[in-house]
Amino acid sequence: MTTKSAAAAARATVYGYPRQGRNRELKKAIEGYWKGRVTADALRDTAAGLRRDTWEQLAAAGLHEVPTGDFSYYDHVLDTTVMVGAIPARHRAAVEEDALAGYFAMARGTQDVAPLEMTKWFDTNYHYLVPELGPDTVFRADSAKQVAELKEALALGLTARPVLVGPVTYLLLAKPAPGVDPDFVPLTLLDRLLPVYAEVLADLRAAGAEWVQLDEPALVQDRTPAELNAAERAYRDLGALPDRPQLLVASYFDRLGEALPVLAKAPVEGLALDFTGSAAANLDDLAAVGGLPGKRLVAGVVDGRNIWVNDLEKSLAALGTLLGLAERVDVSASSSLLHVPLDAAMERDIAPQILRWLAFAQQKTREIVTLAKGLAQGTDTIAAELAANRADLASRAASPITHDPAVRARAAAVTAADTRRSLPYAERTGAQRARLGLPLLPTTTIGSFPQTGDLRAARADLRAGRIDPAGYEERIRTEIQQVISFQEKTGLDVLVHGEPERNDMVQYFAERLTGYLATQHGWVQSYGTRYVRPPVLAGDISRPEPMTVRWTTYAQSLTDRPVKGMLTGPVTMLAWSFVRDDQPLADTARQVALALREEVDDLEAAGTSVVQVDEPALRETLPLRAADRPAYLEWATEAFRLTTGGVRPDTQIHTHMCYAEFGDIVRAIDDLDADVISLEAARSHMQVARELAAHGYPREAGPGVYDIHSPRVPSAEEAAELLRAGLEAIPAERLWVNPDCGLKTRGWPETRASLENLVTAARTVRGEL
Ligand code: GLN
Ligand code: ZN
């Protein structure tokens, strides 16, 4: 291979693109179909139109090879389940009767049939539907969707590359089907699955695919030798197929590590690797294995999951190094562009100067095309783009938004003492008990009460100017009154104001902190038709004024019982935002923590005796590689302690996390030095409590006794049963009684009934002590 020919051939491509369209046409069509207002044919037409628009746009932008098959009505892992015929038995009849309706039944469930479980796609905020497999699973190839979408793109005269979830990742993401031995390992089905992939590949070849991309992001996680063996076998077998397209095996979200030599040696024609962030280690690793002689390398140098403009010169330098390491080097984003919004140019409220720092999918596509051109034809041919890029990067680096001296000085002055409460937990509890005067098994909630249509309407009215801020304030106060009076009447012990003023637990604070930007159109798919608009953490963070104090103190003025202040923690504020990439996350977290600390201190000064700092994202932000986790947990827990470390010993700090599995972070949870933690536990029958006990967790805990994910009302006896199970693991002096999570998605009738039953259960079990 010569560097020169590798460069001359350089092409631009992407692995996937936002699906819903400029005006959220797909979301509207799908939801219309669910409600019976849009026919299946009309939905299919909308979808086909969106795919065509996307491909034409990508080609017009100069992309040489467009992806196909990345489109989805709901989720690409569910599409793979359909492609390999692994429809769960309980959904088979519905899928056979009506493929589209059956597809959505798998995704969302029906009155009678449960959907597939949903979980996070690696460490992104996208959720996929978990395949359910067992020893009896029979795979059967169904390449119809992939073939049809390929043909659509080819008919437009484009060079198209189907993108599939690879067989190893598919199996590694699966779980044992209900009723199957929980120790069943789906990867043992590999030999049965490979012939199905062989068939799909042959169909795609016959339909005109020269290349097919197989995505194997699961290989960037720590894998056992057996799993690496499986990967080796998979690509040896697929590579040996006689009649197949050329294969591009793609990885993203981190470095390949031990999987790199496995894939480098595999008999496939190309690899796609991530070279952004911690995945940049792929560059040295690739050199260490002797590069990819004779192979195509697709270099993900443009960050596919964050929204900052690329440093083109830095990317060109990386690409230049890579040229010596492969037969041909193409340019791409590090991952599918599914994880970023569509077009920054749609933003009207962001100052033009700042908008130039941002790159959404459309801008990233242009960056990729520019880099490929610079690589193939020389940097002279992109001199104008490079100059503009240099200016944008310089303006970002020099901006007062990214460099606020006061914030920097405060962050630099943080000492270890700031991250420690004045007394250790064991010596604080007495003071808290004396101040709060709570019964054993105290009852509380997680913070939010139902976000009614009325509340959303009030916010819309305020935005539209139909009511003034005073009118809005009045509306919120009335809601707080009702929430407080309900809790008093029901007999809860630690009350909340109900969070009626919050549109979202991150956005609410982002809107009040300097350094954050909001977008108008920055929608990103979370799951199905649910899209979120993450705020952009763009600069140094400060808090111009208190954010929650007036709501909490108003609520406290209405009752003699303690009202819990309610804040979103620093890690979650980062995890559910687009975060600046020009400084370590630890530094950003510290700035956010300092701003939140001011809020905590103000709440305490206003008389609040209990403050809850929610960190539901603590675990989901764990780095994919175990080796990277200790450093993450260190700054993450420090940020929490910095947020809460300034309060008096008799002020009680709560935290909340909404998941049931956390054996791997119990130590970190202890390191938060919170006094009380509430967790999800109702569906796992208090498994959480047993796990905390098994790890010797010494603090107070409230494993949820009410599953808020469904409108079902738990009976008092059922909640009491869960409490008794909790008591077997956690002594009464340290056990709290609360729901699994906030109540904002629930309606009032079931909330009322469930909380009444929860209080009754606490009283019953107290009587048994
Ligand atoms: N305090 C928040 C609420 O009650 C917590 C939400 C969450 O954990 N995701 O809604
Ligand atoms: Zn929660």
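**Entry 1: a strand residue**

I began with L248 and found it in strand 8, residues 246–250. Helices (H or I, at least four residues) and strands (E, at least two) are DSSP runs numbered from the N terminus. This is a predicted model, in which local features need pLDDT of at least 70, side-chain atom pairs count only at pLDDT 80 or more, and totals for chains, interfaces and linings use all residues. Residues are numbered from 1 along each chain as its sequence is written, while chains are lettered from A and ligands numbered from 1 in the order in which they are written.

I looked up whether L248 is buried or exposed. L248 counts as buried because it has 25 C-beta neighbours inside 10 Å. The cut-offs are these: a residue is buried if 20 or more other C-beta atoms lie within 10 Å of its own, exposed if 12 or fewer, and partly exposed in between, with C-beta atoms placed from the backbone. Not counting residues up to four places away in sequence, L248 touches W211, Q213, E269, G270, A272, R296 and V298. Two residues are in contact if their C-beta atoms, placed from the backbone, lie within 7 Å. I also noted that the C-alpha atoms of L248 and A160 are separated by 13 Å, with these positions 88 residues apart along the chain.

**Entry 2: the core**

I looked up the largest nonpolar core and found 214 residues in it. A nonpolar core is a set of buried Ala, Val, Leu, Ile, Met, Phe, Trp, Tyr and Cys residues joined through C-beta atoms within 7 Å. Helix 24, residues 585–605, gives the largest share of this core, 8 residues. The residues with the most contacts inside the core are L297, A299, V329, V331 and L723. I followed A299 further: leaving aside neighbours within four places in sequence, A299 is in contact with L273, F275, L319, L322, V329, D330, V331 and S332. In soluble globular proteins, nonpolar side chains tend to be buried together.

**Entry 3: helix 2**

Which residues of helix 2 are buried? In this helix, residues 25–34, they are L26, A29, I30 and Y33. These residues lie on the same side of helix 2, because they cover an arc of only 95° around the axis. The arc is that of the directions from the helix axis to the C-beta atoms. Helix 3 (40–60) is among what covers the buried residues of helix 2. Just after helix 2, I found G36 with a positive phi of about 80°.

**Entry 4: ligand 1 and the annotated positions**

I counted 13 residues around ligand 1, of which I446, G447, S448, P616 and G742 come nearest. A residue is near a molecule if its C-beta atom, placed from the backbone, lies within 6 Å of it. The shell divides into 6 nonpolar, 4 polar and 3 charged residues.

The unreviewed UniProt entry places the feature "binding site" at H656, D671, E680 and C741. Such annotations may be inferred rather than shown by experiment.

- H656 is in strand 19, residues 652–657. H656 is buried, because 25 other C-beta atoms lie within 10 Å. Outside four places in sequence, H656 touches I446, Q612, D614, P616 and S678.
- E680 sits in the loop between strand 20 (676–679) and helix 27 (687–694). E680 is buried, with 25 other C-beta atoms within 10 Å. Leaving aside neighbours within four places in sequence, E680 is in contact with C658, Y659, A660, G704, D740 and C741. The C-alpha atoms of E680 and M657 are separated by 7.2 Å, although the two are 23 residues apart along the chain.
- C741 is in the loop between helix 28 (716–729) and helix 29 (748–767). C741 counts as buried, with 27 C-beta neighbours inside 10 Å. Not counting residues up to four places away in sequence, C741 touches I446, C658, E680, G704 and I708.

The unreviewed UniProt entry gives "active site" at H709. I found H709 in the loop between strand 21 (700–703) and helix 28. H709 counts as partly exposed because it has 13 C-beta neighbours inside 10 Å.

**Entry 5: positive phi**

Most residues other than glycine have a negative phi. F122 has a positive phi, near 50°, and lies in the loop between strand 2 (118–120) and strand 3 (127–129). F122 is partly exposed, with 19 other C-beta atoms within 10 Å. Phi of H685 is also positive, near 50°. H685 is found in the loop between strand 20 and helix 27, and counts as partly exposed with 14 C-beta neighbours inside 10 Å.

Technical notes. Ala, Val, Leu, Ile, Met, Phe, Trp, Tyr, Cys and Pro count as nonpolar, Asp, Glu, Lys and Arg as charged, and the others, Gly among them, as polar.
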